[in-house]
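Welcome to a short set of exercises with worked solutions. Please keep the sequence and the model open while you work through them.

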Amino acid sequence: MRSMTRYVDEDLHGAEFRECDLTGARLIGVVMQDAVIDGLITNLVVNGVEVTEYVEAELDRRHPVRVLIRSEDPADLREASRQLHAGWAATIERIRRTPGIERRSVNDEWTAVQTMRHLVFVHDSWFRRCCLGSKELFTPMGIGTTVEPYRGAHGLDLSLDPSLDEIVSVRDAQAAELEAWLDEVTAVQLAARAPVPDDDVWPPYARGRLVRQCLGTVLNETFEHLGFCVRDLDLIEAQDAE
């Protein structure tokens, strides 16, 4: 415990912890009302009860596509991709009904267009590069990691400000490319080691992973960011209705 930062009798009302590693954190005798926890959470014990399984089961109930995303069956993965694309298509239509909403941010989160531009980057890095072994430059409009030297590397152009239509066009082409690949891929191919090129391009930690794991990152990112986008659209619309 010597390396642990301790907060005793501190007022952390309204505190925000963003992109923090809280592994092993202990909150003892705390008051947590109206708190929100969002992230990669495992082995979370609340008042002596391990709640992670309850949370995961409820998320699966609300979003059955999560079960498909975890499957090893290519048919399930194809269906997951189809459902995610349909979910994004419906969300984009919702965005079009309120012009300008795609560039509004909530709580310093990415806007809808920034979120979609990040998924452009996810496809280029985790699908084309890791699943296909591509060495091509990334799509310039993509928004990647903030970690240097990858932030503006390998073809990304941070000065770009594409329109919603331009982003949607790229995302539709990427979705078609992924679905065509999924139509042909086999369980054996998914279980093979990912053909990640041996160079210094994002993501460096993908080497040694299986194709299935890299595909899982693509599908999970697509799902999670859809949820973030819908959440923020709900908040914006609620604020406008007040």
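The exercises below go from an annotated domain to pockets, ring pairs and salt bridges.

This is a predicted model, so local features need pLDDT of at least 70 and side-chain atom pairs count only at pLDDT 80 or more, while totals for chains, interfaces and linings use all residues. Residues are numbered from 1 along each chain as its sequence is written, and side-chain values use heavy atoms, with hydrogens and water left out.

**Exercise 1. Describe the annotated domain.**

Solution. Start with the record: an unreviewed UniProt entry carries the annotation "domain: DinB-like" for residues 83–228. UniProt positions are given in the numbering used here, feature names are shortened, and annotations may be inferred rather than shown by experiment. Next, take the span itself: residues 83–228 are 51% helix and 0% strand, and the end C-alpha atoms lie 17 Å apart. Helices (H or I, at least four residues) and strands (E, at least two) are DSSP runs, numbered from the N terminus.

**Exercise 2. Find what lines the second largest pocket.**

Solution. Begin with the rule: on a 1 Å grid over the protein atoms alone, a cavity is a set of points where a 1.4 Å probe fits but cannot get out, a pocket is an open set with protein on both sides within 12 Å along at least five of seven lines, and lining residues have an atom within 4 Å of a point. Grid points are joined across faces, edges and corners, and a volume is the space filled by probe spheres set on the points.

Now apply it. The second largest pocket holds about 300 Å³ of space. Its lining has 21 residues, and those closest to the centre are His 85, Trp 88, Arg 171, Ala 175 and Thr 222. Then sort the lining by helix: α3 (74–96), α4 (112–129), α5 (164–184) and α7 (211–241) each give at least two residues, with the largest share, eight residues, coming from α3. Finally, sort by class: eleven are nonpolar, five polar and five charged. Here Ala, Val, Leu, Ile, Met, Phe, Trp, Tyr, Cys and Pro count as nonpolar, Asp, Glu, Lys and Arg as charged, and the others, Gly among them, as polar.

**Exercise 3. Which residues line the largest cavity?**

Solution. First, the search of the whole structure finds one cavity of 30 Å³ or more. The largest cavity has a volume of about 40 Å³. Its lining consists of Asp 124, Arg 128, Arg 129, Ser 134, Glu 136, Leu 137 and Phe 138. By class, that lining has two nonpolar, one polar and four charged residues.

**Exercise 4. Work through the aromatic pairs.**

Solution. Set the rule: rings of Phe, Tyr and Trp (its six-membered ring) pair if their centres lie within 6.5 Å; planes under 30 degrees apart count as stacked, over 60 as edge-to-face and the rest as tilted. The count comes to five aromatic pairs. One of them joins Phe 121 and Phe 138 edge-to-face, at 5.5 Å centre to centre with 80° between the planes. Phe 121 sits in helix α4 and Phe 138 in the loop between α4 and α5, so the pair links distant parts of the chain, 17 residues apart.

Then check accessibility (buried means under 20% relative accessible area, exposed over 50%, partly exposed in between, with a 1.4 Å probe and protein chains only). Phe 121 is buried at 3%, and Phe 138 is buried at 5%. Move on to Trp 202 and Tyr 205, an edge-to-face pair with 5.4 Å centre to centre and 85° between the planes. Trp 202 is buried at 13% relative accessibility, whereas Tyr 205 is partly exposed at 42%. Ring pairs also link Trp 126, Tyr 150, Trp 202 and Tyr 205 into a cluster.

**Exercise 5. Trace the salt bridges of Arg 18 and Arg 129.**

Solution. Count a salt bridge when a side-chain nitrogen of Lys or Arg is within 4 Å of a carboxyl oxygen of Asp or Glu. The whole structure has 21 salt bridges.

- Arg 18 pairs with Glu 16, the closest N and O atoms being 2.8 Å apart. Arg 18 is partly exposed at 34% relative accessibility, and Glu 16 is exposed at 55%.
- Arg 18 also bridges to Glu 109 at 3.4 Å between the closest N and O atoms. This pair links the segment before β1 (45–46) with the loop between α3 and α4, 91 residues apart.
- Arg 129 meets Asp 199 at 2.5 Å, N to O. Arg 129 lies in helix α4 and Asp 199 in the loop between α6 (187–190) and α7, 70 residues apart. Arg 129 is buried, with a relative accessible area of 1%, while Asp 199 is partly exposed at 28%.

To finish, look for shared partners: salt bridges join Glu 56, Asp 60, Arg 66 and Arg 70 into one network.
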